[in-house]
Amino acid sequence: MSYEADVTETLDVKGLSCPMPVVKTKQAVDDLGGGDVLEVVATDSGSVSDIDGWAGGTDGVALLDQEEREAGGESVYVHYVQVEE
């Protein structure tokens, strides 16, 4: 099932490995306003637990959903992070 919401911005971190998907996600979230949703697209399978852990320990951020997709024969991990109002 695919998450459906108004995505404010998409962050492409494909090809980056730990810890860069989380670092780039934090930087992007810092530039967003309350209620905004960031879609993060990664190829690092570790991003699933890394972004989940980061969002769970960060005030003002909520992880809405995560999903795995196939794209061009490789797994892509999509994360939806919302800045709380």
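A residue counts as buried when its relative accessible area is under 20%. Keep that cut-off in mind for this predicted model. Of the 85 residues of the protein, 34% count as buried.

Now take in the whole chain. The protein has two helices and four strands. Follow the sequence and they come in the pattern β-α-β-α-β-β. How far does the C-alpha trace reach along its principal axes? The spans are about 40 × 25 × 20 Å. A compact globule with 85 residues would have a radius of gyration near 12 Å. The protein has 12 Å, which agrees.

Contacts tell us how the chain folds back on itself. Consider those in the protein with a separation of 6 or more. Residues 24 or more positions apart account for 63% of them. Then turn to the outside. The protein exposes about 4,700 Å². Carbon and sulfur atoms supply 44% of that area.

Next, walk along the chain from strand β1, residues 9-12. A loop lies between β1 and α1, and Pro19 sits in that loop. Look at the peptide bond that leads into Pro19 from Cys18. Is this bond cis or trans? The bond from Cys18 to Pro19 is cis, with omega near 5°. Most peptide bonds are trans.

Met20 comes next, and this residue belongs to helix α1. Met20 has 31% relative accessibility, so it counts as partly exposed. Which residues join Met20 in a nonpolar patch on the surface? They are Leu16 and Val23. Together, Leu16, Met20 and Val23 have about 190 Å² of accessible area.

Finally, study helix α2, which runs over residues 47-56. Which of its residues are buried? They are Ser47, Ile51, Trp54 and Ala55. Picture yourself looking down the axis of α2. The buried residues fall within an arc of 95°, so they line one face of the helix. What covers these buried residues? The cover includes helix α1 (20-30) and strand β2 (37-42). Strands β3 (61-71) and β4 (74-83) are also among the covering elements. Now turn the helix around. The face of α2 that points away from the buried side carries Ser49 and Gly56, and both are exposed. Helix α2 therefore has buried residues along one face, while exposed residues sit on the face turned away from them.

Methods: Residues are numbered from 1 along each chain as its sequence is written. This is a predicted model: local features need pLDDT of at least 70, side-chain atom pairs count only at pLDDT 80 or more; totals for chains, interfaces and linings use all residues. Side-chain values use heavy atoms; hydrogens and water are left out. Buried means under 20% relative accessible area, exposed over 50%, partly exposed in between (1.4 Å probe, protein chains only). The arc is that of the directions from the helix axis to the C-beta atoms. Contact means heavy atoms within 4.5 Å. Patches are made of residues with over 30% relative accessible area and no salt bridge: like charges are joined within 9 Å, nonpolar side chains (Val, Leu, Ile, Met, Phe, Trp, Tyr) within 5 Å. Accessible areas come from the Shrake-Rupley method with a 1.4 Å probe; for residues, only the protein chains shown count as cover. A salt bridge is a side-chain nitrogen of Lys or Arg within 4 Å of a carboxyl oxygen of Asp or Glu. The radius of gyration is taken over C-alpha atoms; the globule rule is 2.2 Å times the number of residues to the power 0.38.
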